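Dear colleague,

I am passing on the structure we spoke about, together with a summary of what came out of it. Please look it over alongside the notes that follow.

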Amino acid sequence: MKESYYCNPAIRCFLFILFSVSGSVHGRHDHGQLMVPCFFIFGASSFDNGNNNALPTLAKANYPPYGIDFPAGPTGRFSNGRSIVDIISEFLGFDDYIPSFASTVGGENILKGVNYASGGSGIRAETGQHAGARISMDGQLRNHQITVLSLINRLGQNESAAKEYLNKCIYAAGLGTNDYVSNYFLPSLYPTSRIYTPEQYALVLAQQYSRQLKTLYTNYGARKVALFGLAQLGCAPSVVASKGATNGSACVDYINDAVQIFNNRLKELVDELNRNLTDAKFIYVNVYEIASEATSYPSFRVIDAPCCPVASNNTLILCTINQTPCPNRDEYLYWDALHLSEATNMFIANRSYNAQSPTHTCPIDISDLAKL
């Protein structure tokens with residue numbers, strides 16, 4: 001990638017203005033036109049669309065009231081409706097949602113992409129293990145290898161054709177949340193907070209993530225990659241209920257501070273990968289800022305409570321099975337005690353795809369990444 005593609009603030013602002021003048025940033029989704037041939041998704045529960053359904057784990061969402069606003073009902077998505085990547089796939093022009101890896105094993109069409117995301121998973125292998133089975137980022141990369149080998153087979157054992165095809169795809173990666181809420185900030189179950197300061201932990205996570213993303217680039221032909229940063233985890237109802245808000249704040253400030261250290265590392269990682277990897281086009285999606293803006297948006301009237309009933313005074317995360325959720329779901333920031341509502345997912349997806357500020361994404365947004 002050219003050296004101008006950095007998350008450096010001044011250059012980012014210039015690029016934002018440049019693409020705005022050309023008409024590609026504000027208010028345009030290319031519905032009906034397929035922007036890229038395929039979309040591959042790596043992540044945790046916010047992106048999971050069913051990979052955990054058959055796993056022995058507490059981290060699954062294939063029961064009511066999950067999916068109450070999704071046409072197919074409860075599918076394993078951790079929301080009332082579509083996820084961020086579901087909505088982005090619509091913006092990219094796909095007629096159907098990207099299938100889960102679990103559903104593609106056995107031969108379903110993989111040419112348009114695969115979703116590998118697994119609830120409870122993290123960058124680190126041990127993250128989330130207290131809740132049961134999950135597929136870490138390393139495991140998701142192994143699953144992607146299976147997909148790539150199948151793709152090569154479908155293309156007549158032509159590896160160069162497969163690499164050329166994979167070069168054109170968009171890749172979304174959204175991991176790290178559980179490395180904090182289901183690892184670092186669970187000191188009774190995980191030792192990481194006793195081993196690392198928040199600064200050290202963010203660095204260790206970013207270094208491991210970097211190795212994983214370089215594997216995606218080097219071994220599997222990924223070139224256009226959107227890295228999704230972490231949201232305000234310290235404001236999630238489950239976190240506030242279990243940790244207690246700090247210093248009169250509505251949130252757990254020390255958790256948000258740790259998250260922002262990691263997010264800053266991700267921005268640095270985007271610059272490093274773009275500088276050092278030939279033809280790499282990595283971008284950073286500032287979920288923290290976008291979701292923060294949503295809290296002051298008039299349509300979101302409830303920003304500190306889950307829409308669905310959650311057991312134990314919100315200290316647990318997931319909706320209670322078969323309980324009736326709130327009727328005004330579009331007014332809630334959170335669906336359960338950690339995961340966002342479809343309305344919030346739409347808010348984030350819109351600004352990820354068509355940035356409305358130079359700080360929403362860097363160095364460019366997903367719509368412009370698709371055009372490169």
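For the charge count below, Lys and Arg are taken as positive and Asp and Glu as negative, while His and the chain ends are left out of the count. On that basis the protein carries 27 positive and 30 negative side chains, and the centres of these two sets are 5 Å apart. Please keep in mind throughout that this is a predicted model.

As to the overall fold, the protein has 13 helices and seven strands. Its C-alpha atoms fill a box of roughly 55 × 50 × 45 Å along the principal axes. The radius of gyration is 19 Å, which agrees with the value near 21 Å that a compact globule of 372 residues would have. Buried residues account for 57% of the 372 residues, and of the contacts with a separation of 6 or more, 72% are between residues 24 or more positions apart. The exposed surface comes to about 14600 Å², of which carbon and sulfur atoms supply 53%.

The cysteines deserve a section of their own. A disulfide is a covalent bond between the sulfur atoms of two cysteines. With a cut-off of 2.5 Å between the sulfur atoms, the count is four disulfides, and the following pairs are among them.

Cys235 is joined to Cys251, with an S to S distance of 2.1 Å, and the link is right-handed, at 105° about the S-S bond. The pair links distant parts of the chain, 16 residues apart, since Cys235 lies in the loop between β3 (224–228) and α9 (237–243), and Cys251 in the loop between α9 and α10 (253–276). Cys235 counts as buried at 13% relative accessibility, and Cys251 counts as buried at 13% as well.

Cys307 is joined to Cys326 at an S to S distance of 2.0 Å, and this disulfide is left-handed, because the torsion about its S-S bond is about -105°. Cys307 and Cys326 both lie in the loop between β5 (302–306) and β6 (332–334), so the pair ties together parts that are 19 residues apart in sequence. Cys307 is buried, with a relative accessible area of 7%, and Cys326 is buried, with 8%.

Cys308 is joined to Cys319, again with 2.0 Å from S to S, and the link is left-handed, at -90° about the S-S bond. Cys308 and Cys319 are eleven residues apart, each in the loop between β5 and β6. Cys308 counts as buried at 2% relative accessibility, and Cys319 at 4%.

With best regards

Technical notes:
Residues numbered from 1 in each chain as written. Predicted model: local features only at pLDDT ≥ 70, side-chain atom pairs only at ≥ 80, totals over all residues. Heavy atoms only, no water. Helix = DSSP H or I, 4+ residues; strand = E, 2+ residues; numbered from the N terminus. Rg over C-alpha atoms; globule rule 2.2 N^0.38 Å. Buried < 20%, exposed > 50% of the residue type's maximum accessible area, 1.4 Å probe, protein only. Contact = heavy atoms within 4.5 Å. Areas by Shrake-Rupley, 256 points an atom, 1.4 Å probe, with all protein chains shown as cover. Charge placed at Lys NZ, Arg CZ, Asp CG, Glu CD.
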